[in-house]
Number of protein chains: 2
Amino acid sequence: MPQERVKTRTSLDRSDWIHAALDVLADKGLDGLRVEVLAKAFGVTKGSFYWHFKDRQDLLSAVLTLWKEGRIKDIIKQTTAAPGRTLPQIYHVIEVYSAARSRKGMNIELAIRDWARRDPEAAAVVEEVDRWRLECASRLFIECGLPEKEAKSRSLLLYAYVFGQSLMVFDQYDADVPSLQSWIADVITLPTPPAFPAGNAVPATQS
Amino acid sequence: MPQERVKTRTSLDRSDWIHAALDVLADKGLDGLRVEVLAKAFGVTKGSFYWHFKDRQDLLSAVLTLWKEGRIKDIIKQTTAAPGRTLPQIYHVIEVYSAARSRKGMNIELAIRDWARRDPEAAAVVEEVDRWRLECASRLFIECGLPEKEAKSRSLLLYAYVFGQSLMVFDQYDADVPSLQSWIADVITLPTPPAFPAGNAVPATQS
DNA sequence: GGATTCGCATACGGTACCGTATGGAAAAAA
DNA sequence: TTTTTTCCATACGGTACCGTATGCGAATCC
């Protein structure tokens, strides 16, 4: 008999709880991530939760692991897709990680990084994700012909800028913020800084 | 932990509570900032707290106001000190805001910016502080002869980089992280990017 | 020196969680 | 069918807070 592979909504499994936890983490932060709140959101009681998880920390560790593996897979995917077009890929990485592109993803990032300031397990996860991202981005810069030290520096600048930007409030700073951001992306990416006005178009001279 | 401040230990006033709250904020974040915990740190009960403050929100608002005014005064001070030596001042700003320089100050920064993600009052404070800093930094770049758009862009890059760096874990990324940071400071500050190896020395060709 | 205000202690009720113990219905296994 | 396993509900004790009410000694004012 062919078993119904359709996701039966009659019961919850570990994965459901973990994904819901990531949602709550995104807009309430770690301290807003409460098992009774999660249960209420599912319309069940915490009796269900404690059948799937030993305790709250069990859920938190699972959240960290899922996030870590997802981010590592993603950065590998983002940096190995189109060989021969490395420079556009760098711009793409910058854009992908912008808060406007994925508000929820960035909120999770910020929540976990704040978490990591006080929890060693979260700090270890963040460190591993940072290492992967920095090394993947460095490889792109090296493929563009930059020396290793400069590649590492530009990678660090890239990620620090992207995350730092998501911490700031600068909507009213300039009438044309996107053009500022585009110019910055060029500074981070290109060996020689551009002059204003500069578009976000990728130079065609890359191969 | 209780009372670092030297005072006539006869009684506590509003200022004592607010400053202690900033300490806790740096360590435990907003959710760790609890009235009864603060009181215990002072060796008093919360009866004292509720004599000086209407409620917890009253304290939180006072914390935001104190932080805002302190940051605004500080950025003005940091960017108006030495006329004619603007370029070294930019490097100084970068260094001052590095996490290594003032761990506690950066922890407060991060706690308040995380706070601002969910609280409009905190968000307004962060926006005002960001506006001051960006405009003060822009002025330095403009004094160096850069056009306004580029000055604004470099200022945004500067602060985003500094804050973003404090979110990341990259101790093991390279054997000589300080040289990477120094190179990055040059990229942010100088019109033409430096080559490796580059020191953090400020070029004497300024002003 | 009595009255008043100050600065805090004590005590209380209430909320929101955590984790455990236990029961029970429904599905799966036997 | 009977048994077992799965998945969740209910109930409970405990902790850590919040904010209020009230008491109370010591300083301050009249």
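Through which surface do the copies, chain A and chain B, meet? In this predicted model, 100% of the interface residues of chain A are also interface residues in chain B, so the copies meet through the same surface. The model is predicted, and therefore local features need pLDDT of at least 70 and side-chain atom pairs count only at pLDDT 80 or more, while totals for chains, interfaces and linings use all residues. Residues are numbered from 1 along each chain as its sequence is written, and chains are lettered from A in the order in which they are written.

Chain A can be laid on chain B with an RMSD of 0.1 Å by a turn of 180° and a shift of 0.0 Å along the axis, the superposition being by least squares on the C-alpha atoms of residues with pLDDT of at least 70 in both. That is the relation of a two-fold axis, and in chain A the C-alpha nearest this axis belongs to Gly164(A), 1.8 Å from it.

The largest nonpolar core (buried Ala, Val, Leu, Ile, Met, Phe, Trp, Tyr and Cys residues joined through C-beta atoms within 7 Å; buried means 20 or more other C-beta atoms within 10 Å of a residue's own, with C-beta atoms placed from the backbone) has 53 residues, and Leu157(A), Tyr161(A) and Ile184(B) are among those with the most contacts inside it. Its largest share, ten residues, comes from H8(B), where helices are DSSP runs (H or I, at least four residues) numbered from the N terminus.

Around DNA strand D there are 16 residues, of which Val44(A), Thr45(A), Gly47(A), Val35(B) and Asp55(B) come nearest; a residue is near a strand if its C-beta atom, placed from the backbone, lies within 6 Å of it.

Note on methods. Two residues are in contact if their C-beta atoms, placed from the backbone, lie within 7 Å. A residue is buried if 20 or more other C-beta atoms lie within 10 Å of its own, exposed if 12 or fewer, and partly exposed in between; C-beta atoms are placed from the backbone. Helices (H or I, at least four residues) and strands (E, at least two) are DSSP runs, numbered from the N terminus.
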